[in-house]
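Me: Please take a close look at one part of this protein, the two cysteines and the loops around them. Set that part in the context of the whole chain, and keep to what can be read from the model.

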Amino acid sequence: MSSKLFDLTGKTAIVTGGNGGIGYGMASEIGKSGANVVITGRNSDKTKAAVNELKKSVDNVIGIDSDVSDESSIKDMIKTSYDTFGSIDVLINNAGIGIRELPENYNTDDWNKVININLTGAFLCSREVYPIMKSQGSGKIINIGSMTSIFGLDWAVAYASSKGGIVQLTKTLAVSWAKDNIQSNCILPGWIHTDLTQGIKDQFQDRYQQILSRIPSNRWGEPDDLAGTAVYLSSSASDYVNGVSIAVDGGYTSF
Ligand code: NDP
């Protein structure tokens, strides 16, 4: 008989920003582990294409156009998810952006945009799923931090501030909602090849190589590298794990 520890059959998982990159990698493996999957994003065509691709290996998957910087859009997205599948068991707050500029030149609009999407969006999505998870008697919230949750980065003042905040959001939700059997944890991805980081490879080869030189695994990560940890934190295997941040970084933070 096989173990059910990581089985997600009958669960429903929302992955914000699941239409590409790291979110897509996590959504794919969570779906293959049996969950109904909801992926969201702002780009409708990208979401449709991702749903079509996921349908090849995932039984139940839908895409919803939704902007995590828009509160009413979040409410609609969560209602549609719940109406479609009848539960929300896992929320992965993955949607995120970066705007690169040095702190001294960073303008207020860009600061607000990054904080609203990366940090406030994660809070609002969590707050909106809470009553559903509470009434179900269980839930898993997985936030996506970054190496900049730990380290400073010259060109990423708003991004790093949002990702530092994500760690504290995770801890606060963990202590607040543990009584409701809701676990909140955080994944800190290392340096991963996605659209978000493509510009570093294309335009800043020196920086790309400098980063590579201090990754003990001697490679940048791929979106699929995050999938196993996402399944673990979505499953009953992690029921006594609450408020932690797990680096998935090829050893970067240990160097
Ligand atoms: P991508 O740019 O590939 O993916 C970002 C995703 O977020 C897209 O699906 C995008 O969809 C979605 N998104 C952006 N803004 C919004 C919004 N306002 N509302 C809803 N969805 C939105 O980047 P990654 O896969 O690399 O990033 C995913 C997460 O991982 C982010 O939180 C990022 O900070 C984090 N991360 C990435 C690292 C890396 O090295 N790549 C390292 C550490 C953390 P759409 O375009 O359709 O809106």
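Reply: What follows starts with the whole chain, then turns to the cysteines and the loops.

The model is predicted. Its protein chain contains eight helices and seven strands. The radius of gyration is 17 Å, and this agrees with the value near 18 Å that a compact globule of 255 residues would have. Along the principal axes, the C-alpha atoms occupy a box of roughly 50 × 45 × 40 Å. Buried residues make up 51% of the 255 in the chain. Taking contacts between residues at least 6 apart in sequence, 75% of them link residues at least 24 apart. The exposed surface of the chain comes to about 11700 Å², with 50% of that area supplied by carbon and sulfur atoms. As for charge, there are 27 negative and 22 positive side chains, and 4 Å separates the centres of the two sets.

Now the cysteines. Searching the whole structure gives zero disulfides. Cys125 takes part in none, and the cysteine sulfur nearest to its own, that of Cys186, is 15 Å away. Seen from the other side, Cys186 is likewise in no disulfide, with the sulfur of Cys125 as its nearest cysteine sulfur at 15 Å. A disulfide requires the two sulfur atoms to be within 2.5 Å, and the 15 Å to the sulfur of Cys186 leaves Cys125 unpaired. Cys125 has a relative accessible area of 0% and is therefore buried. Cys186 also counts as buried, because its relative accessible area is 0%.

Cys125 leads to the loop between β1 (12-15) and α1 (21-32), where Thr16 is found, since Cys125 is among the contacts of Thr16 beyond four places in sequence. The other residues in that set are Thr40, Val68, Met77, Leu91, Ile92, Asn93, Asn94 and Ala95. Thr16 has a relative accessible area of 1%, so this loop residue is buried.

A second loop, between β4 (90-93) and α4 (108-136), holds Gly96. With 35% relative accessibility, Gly96 is classed as partly exposed, whereas Thr16 is buried. Leaving out residues up to four places away in sequence, Gly96 touches Ile117, Asn118 and Leu196. Tyr159 lies 63 residues from Gly96 in sequence, yet the distance between their C-alpha atoms is 8.9 Å.

Cys186 falls within β6 (182-189), and the loop between α5 (157-177) and that strand contains Asn181. Asn181 is not a glycine, but its phi is positive, at about 60°. Its relative accessibility of 35% makes Asn181 partly exposed. Another asparagine, Asn218, also has a positive phi, near 60°, in a residue other than glycine. Asn218 sits in the loop between α7 (205-213) and α8 (227-234), and at 59% relative accessibility it counts as exposed.

To draw the part together: Cys125 is buried and in contact with Thr16, which is itself buried. Cys186 is buried too, while Asn181, in the loop leading to β6 (182-189), is partly exposed.

How values were computed:
Residues are numbered from 1 along each chain as its sequence is written. This is a predicted model: local features need pLDDT of at least 70, side-chain atom pairs count only at pLDDT 80 or more; totals for chains, interfaces and linings use all residues. Side-chain values use heavy atoms; hydrogens and water are left out. Helices (H or I, at least four residues) and strands (E, at least two) are DSSP runs, numbered from the N terminus. The radius of gyration is taken over C-alpha atoms; the globule rule is 2.2 Å times the number of residues to the power 0.38. Buried means under 20% relative accessible area, exposed over 50%, partly exposed in between (1.4 Å probe, protein chains only). Contact means heavy atoms within 4.5 Å. Accessible areas come from the Shrake-Rupley method with a 1.4 Å probe; for residues, only the protein chains shown count as cover. Lys and Arg count as positive and Asp and Glu as negative; His and the chain ends are not counted. The place of a charge is taken as NZ of Lys, CZ of Arg, CG of Asp or CD of Glu.
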